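Please keep the sequence and the coordinates open side by side while reading the paragraphs that follow. They move from single loop residues to the nonpolar interior and then to the charged pairs.

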Amino acid sequence: MYTARLVDELNTLFPEIHKEEQGAHPLGNGGDVALFPQTEDEIRKIVNYAREKKKKLAIIGGGTKRGFGGLVERMDLLLSLANYRGIVEHAVADMVITVKAGTKFQELQDYLAEYRQKIALDPFLPQSATIGGVIAANDSGPKRLGYGAARDSVIGLRLIYPDGTVIRTGGKVVKNVAGYDMNKLFIGSMGTLGILSEITLKLRPLPKYESLVLLAFPTGDTDAIRSFAIQLLDAMMEPVCIELLNPSLAERLTGKRAYTLAIGFEDVKSAVHYQEAFVQRTQPPHTTITILPPQEAQKFWQTFYQIMPNGTTLPTNDTIEAAMKIGVINLDVISVLRESELLQALHVDICAHGGVGHGLCRVYLKGAAESVVTAMEKLRTIARRHKGYAIVTHLPLSLRQTIDVWGGKPSYFFLLEGIKTKIDPQRMFNDQRFVGGI
């Protein structure tokens, strides 16, 4: 009855906005009724209505991160930005673009490719993830080594506050920087402080040539991996990624079950070939090397970015899928991957990869609920032993409610809580979605 009355009220107030009644979702972070605005003004009307009626909003883009954080199954309204998409402004000569938050990341890259440009980001699930979701979660992939994080690509944001006002942070040109960098307050805040409306990003030229070197270590000698990685990082080479794949993941992607370094190069053709030759010259004994040219390298990455469990697909049986992000000091990713491999003794399938050079690891787990939770607890212990952190980035709601997916409150939590209380005193946006239940 409550949902029916709510739908009737929304139909009266917002006849132009598409609506859908929502049922329960195993990942949570939903709403009784989903609204699909197409303009910023429609978003503001929904926000003002929610504030006046004291209703809570869950905010969603492509839905890929629905299992990332959040302790609430359904809020009053699910505000979807799926229909709020498109290019606002593209300054080709200045290499800057402004886009609406609901624009799919891959659609944006395809558009920019016509101008021989791209956004220097490589988030997971680019076909489904929206640019707003990528920025809200501060998402990035293996090429973070060469590209930097999402924060490094954003130069300006346009947001809608919980009181309905529209604010702009940053600027529209790369050099427009003065005072505090307010962009960083909202990037990675999981939509708890404001609704991203427009995002201004700096661009890069498309590389003239790219390749991917796959260096496999069949003997599993992690000391050899470490020595080679140090040699490559200390050389004058400029790989965009040096990503270590654990044997399970390497087998899925390459057909060979062995620790494998995926080393990506992007530059003019001669420079890429020069760097490939360096890897071949310094190749450790008892290793095998495969060099993928541009088209094959792109196919590899297309498969790679689809491997993680996400909110758009769910297991069809009782198997639980989970994902964790672990941050440690650069070369410690080798130890994290080696130690995580041992957790397969818990009857959990584990695929993992980590960036040698930036220190971020991703671990994907599949198995029975109890075994997966036990493995995640052990992974968190491993991260702490290496003075790092571990957060859960995908897990069904029923399990998220039993463990702390953020790994405890940080020492600066009082600052986060103070900002949330100041900006959103009603806790209207994505309540309990972020660290510490913010």
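**A walk through the predicted model**

Met95 sits in the loop that runs between strand E5 (87–91) and strand E6 (96–100), in what is a predicted model. The backbone of Met95 has a positive phi of about 60 degrees, although Met95 is not a glycine. Most residues other than glycine have a negative phi. With a relative accessibility of 22%, Met95 counts as partly exposed, because the buried class ends at 20%. Gln432 likewise has a positive phi, near 65 degrees, and is a residue other than glycine; Gln432 is placed in the segment after H15, and at 29% relative accessibility it counts as partly exposed.

Another loop worth locating is the one between helix H7 (183–186) and strand E10 (195–202), where Ser189 lies. Ser189 has a relative accessible area of 6% and is therefore buried. Its side chain reaches the backbone oxygen of Phe186 at 2.7 Å, and, when residues up to four places away in sequence are not counted, Ser189 touches Ala136 and Phe434.

The next step is the nonpolar interior. In soluble globular proteins, nonpolar side chains tend to be buried together. Here the largest nonpolar core has 59 residues, and those with the most contacts inside it are Leu261, Ile263, Ile326, Val356, Leu365 and Met376. Helix H13 (residues 369–385) supplies the largest share of this core, namely seven residues. Val356 offers a view of the surroundings of one of these residues: leaving aside neighbours within four places in sequence, its contacts include Leu145, Ala229, Leu233, Ile242, Leu244 and Leu261, and also Asn330, Leu331, Val333 and Ile334. A second core, separate from this one, has 48 residues and includes Ile43, Ile97, Leu157 and Leu201.

Val333 and Ile334, which are among the contacts of Val356, also appear among the buried residues of helix H12. Helix H12 (residues 332–341) is mostly covered, with nine of its 10 residues buried. The buried residues of H12 are not restricted to nonpolar side chains, since the list includes Asp332, Ser335, Glu339, Ser340 and Glu341 alongside residues such as Val336 and Leu337.

Which residue pairs with Glu339 in a salt bridge? The partner is Arg385, and the two side chains meet at 2.3 Å, N to O. This pair links distant parts of the chain, with Arg385 in helix H13 and Glu339 in helix H12, 46 residues apart. The two partners differ in their cover, because Arg385 counts as exposed at 51% relative accessibility, whereas Glu339 counts as buried at 15%.

Side chains of opposite charge can pair when their charged atoms come close, and the structure holds 14 salt bridges. In one of them the side chains of Glu266 and Lys118 meet at 3.0 Å, N to O. Glu266 lies in strand E14 (residues 259–267) and Lys118 in strand E7 (residues 117–118), so this pair ties together parts that are 148 residues apart in sequence. Glu266 is buried, with a relative accessible area of 15%, and Lys118 counts as buried at 9%.

Both members of that pair are also in contact with Pro207, whose contacts, with neighbours within four places in sequence left aside, are Arg116, Lys118, Glu266 and Asp267. Pro207 is found in the loop between strand E11 (204–205) and strand E12 (209–217). To place this loop in the overall model, the reader can trace from the C-alpha atom of Pro207 to that of Val392, which is 185 residues away along the chain and separated from it by 34 Å.

Two further charged groups can be located. The side chains of Lys420 and Asp424 meet in a salt bridge at 2.7 Å, N to O, and both of these residues are buried. Elsewhere, Asp41, Arg44 and Lys45 are linked in a network of salt bridges.

The walk ends at the surface. Where is Phe414 placed? Phe414 lies in helix H15 (residues 413–423), and with a relative accessible area of 58% it is exposed. Together with Tyr412 and Leu415, Phe414 makes a nonpolar surface patch of about 350 Å².

How values were computed: Residues are numbered from 1 along each chain as its sequence is written. This is a predicted model: local features need pLDDT of at least 70, side-chain atom pairs count only at pLDDT 80 or more; totals for chains, interfaces and linings use all residues. Side-chain values use heavy atoms; hydrogens and water are left out. Helices (H or I, at least four residues) and strands (E, at least two) are DSSP runs, numbered from the N terminus. Contact means heavy atoms within 4.5 Å. A nonpolar core is a set of buried Ala, Val, Leu, Ile, Met, Phe, Trp, Tyr and Cys residues joined through side-chain atoms within 4.5 Å. Buried means under 20% relative accessible area, exposed over 50%, partly exposed in between (1.4 Å probe, protein chains only). A polar contact is a pair of N or O atoms within 3.5 Å; within protein, one must be able to donate a hydrogen and the other to accept it, and residues adjacent in sequence count only if both atoms are side-chain atoms. Patches are made of residues with over 30% relative accessible area and no salt bridge: like charges are joined within 9 Å, nonpolar side chains (Val, Leu, Ile, Met, Phe, Trp, Tyr) within 5 Å. Accessible areas come from the Shrake-Rupley method with a 1.4 Å probe; for residues, only the protein chains shown count as cover. A salt bridge is a side-chain nitrogen of Lys or Arg within 4 Å of a carboxyl oxygen of Asp or Glu.
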